[in-house]
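Have a look at the model below, and then let us walk through its geometry together. We will go from the sheets to the cores, and finish with the backbone.

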Amino acid sequence: GVSVKPFVVGLGIDTSYLHHFDCIGTYFNADSKENFEVIMKTVMEQAVSNTTLEIDLLDTQKKPTETNVSFSLYDQRTGILKYSYLHTLNYRGNPDTIPIDPLTTYKLVVHTIPQVEKGDIKITPGEHNIVAVDAPQGSLMVKQGSSGYWSTTKVVVRSQDGCKILNVQDANVSDRYIVNKYDVEVLTLPRMTFDDVSIDQSKTTTLQIPRSGILEYAAVYFHYGAIFKYDKGIDEWVVNLDPEKTSGKFELLPGKYKVVWRQDTSTNTVTTRERIFNIRSGETTTISF
């Protein structure tokens, strides 16, 4: 549990060898008695100095108002985690101060969504150091009335290009994001998508989606089948039926649907059957086939 921080003092060493000491510790070259005394004083000051760090999370106005987010400090050279904290504003409303080892060059990772990084942070020993990063945030909430049957609907938040999943949050729960635009997919049946959703500084962007209804179905035989959203004569696939079950339940958004099925023992495509039904918010629709 002891952290060793070497100081290397070279006594008139050839300067061409200095790079060999980079992996050992902080290097000083003493080429005279007087210089050696100055170096030793510096070493002692750095070893016992009260060095502090303040991390300012800046909003869109470049003010350090953002807080209540975790952050990590890594050794820039080795990648080893050195500190892990939850950012705090003190009783004066200013970013709180933490003691820190001044002998390391750091990389800061602020665990916002998406996370913000800043590297090559050098600490001045014996002083109060301030590191500022842009981390303006707003909130996103997807509101949906509960059907009373299934667990909370999941919401997938992606980068604006739609490629990278940044977060999966619950409906009716607010999460914070860096100010930007995002693509949002709500994992209802069928899926709902919202493109270029803007997150603004210190505001909550709210997306409203309909309350679902429940479909309960029962079949006489085992079957293969699927449920489609049926709109203006166009089939939009929603979900497959489980061929190993003769009954089940689905939570569906309100609208007109069609179930298409075939008995599993049938070898004729023309034995396929279909039935159209409606789903209403907060109600249960029962069908049998």
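What is the order of the strands in the open sheet that includes S19 and S22? The order is S19-S18-S21-S22, four strands with antiparallel pairing. The edge strands of this sheet are S19 (234–240) and S22 (273–279), each pairing on one side only. From one strand to the next, the twist averages 30°, where axes are lines fitted to C-alpha atoms and angles run from 0 to 180 degrees between N-to-C directions. Seven bridges join strand S21 (residues 255–263) to S22, and these two run antiparallel. Gly255 stands opposite Ile279 in S22.

A few words on the ground rules. This is a predicted model, in which local features need pLDDT of at least 70 and side-chain atom pairs count only at pLDDT 80 or more, while totals for chains, interfaces and linings use all residues. Residues are numbered from 1 along each chain as its sequence is written, and side-chain values use heavy atoms, with hydrogens and water left out. Helices (H or I, at least four residues) and strands (E, at least two) are DSSP runs numbered from the N terminus, and two strands pair if DSSP finds at least two bridges between them.

**Overall shape**

The protein has one helix and 23 strands. Its radius of gyration is 31 Å, well over the 19 Å that the globule rule gives for 289 residues, so the protein is more spread out than a compact globule. That radius is taken over C-alpha atoms, and the globule rule is 2.2 Å times the number of residues to the power 0.38. Along the principal axes, the C-alpha atoms fill a box of roughly 100 × 45 × 35 Å. The accessible surface comes to about 16700 Å², with 50% of it belonging to carbon and sulfur atoms; areas come from the Shrake-Rupley method with a 1.4 Å probe, and for residues only the protein chains shown count as cover.

Buried residues make up 38% of the 289 residues (buried means under 20% relative accessible area, exposed over 50%, partly exposed in between, with a 1.4 Å probe and protein chains only). Of the contacts with a separation of 6 or more, 56% are between residues 24 or more positions apart, a contact being heavy atoms within 4.5 Å.

**Another four-stranded sheet**

A further open sheet of four strands has the order S5-S4-S7-S8, with antiparallel pairing. Strands S5 (81–86) and S8 (116–121) stand at its edges with a single partner strand each, so one side of each is left without a neighbour in the sheet. Neighbouring strands here are turned by 15° against each other on average, direction ignored. Inside the sheet, S4 (residues 70–75) and S7 (residues 106–110) pair in the antiparallel sense over five bridges, and the bridge partner of Asp75 in S7 is Tyr106.

**Strand S11 and its partners**

S11 (residues 154–159) pairs with S12 in the antiparallel sense over five bridges, and Val157 has Asn167 as its bridge partner in S12. Their hairpin has five residues between the strands, and Gly162 in it takes a positive phi near 80°. S11 also pairs with S14, antiparallel and over five bridges; there Val155 stands opposite Val186.

**Cores**

How many residues does the largest nonpolar core have? It has 33, and those with the most contacts inside it are Leu53, Leu73, Leu108, Val110 and Leu140. A nonpolar core is a set of buried Ala, Val, Leu, Ile, Met, Phe, Trp, Tyr and Cys residues joined through side-chain atoms within 4.5 Å. A second, separate core of 18 residues includes Val239, Phe250, Trp261 and Ile287. Back in the largest core, Leu140 touches residues including Val157, Val173, Tyr177, Ile199 and Leu207, not counting residues up to four places away in sequence.

**Backbone points to check**

Most residues other than glycine have a negative phi, and most peptide bonds are trans. The table lists some exceptions.

| Site | Backbone value | Location |
|---|---|---|
| Ile113 to Pro114 | cis, omega near -10° | Pro114: loop between S7 and S8 |
| Leu189 to Pro190 | cis, omega near -10° | Pro190: loop between S14 (180–186) and S15 (192–199) |
| Asn172 | positive phi, near 70° | loop between S12 (165–170) and S13 (175–178) |
| Ser202 | positive phi, about 60° | loop between S15 and S16 (204–208) |

Asn172 counts as partly exposed at 41% relative accessibility, whereas Ser202, at 63%, counts as exposed.
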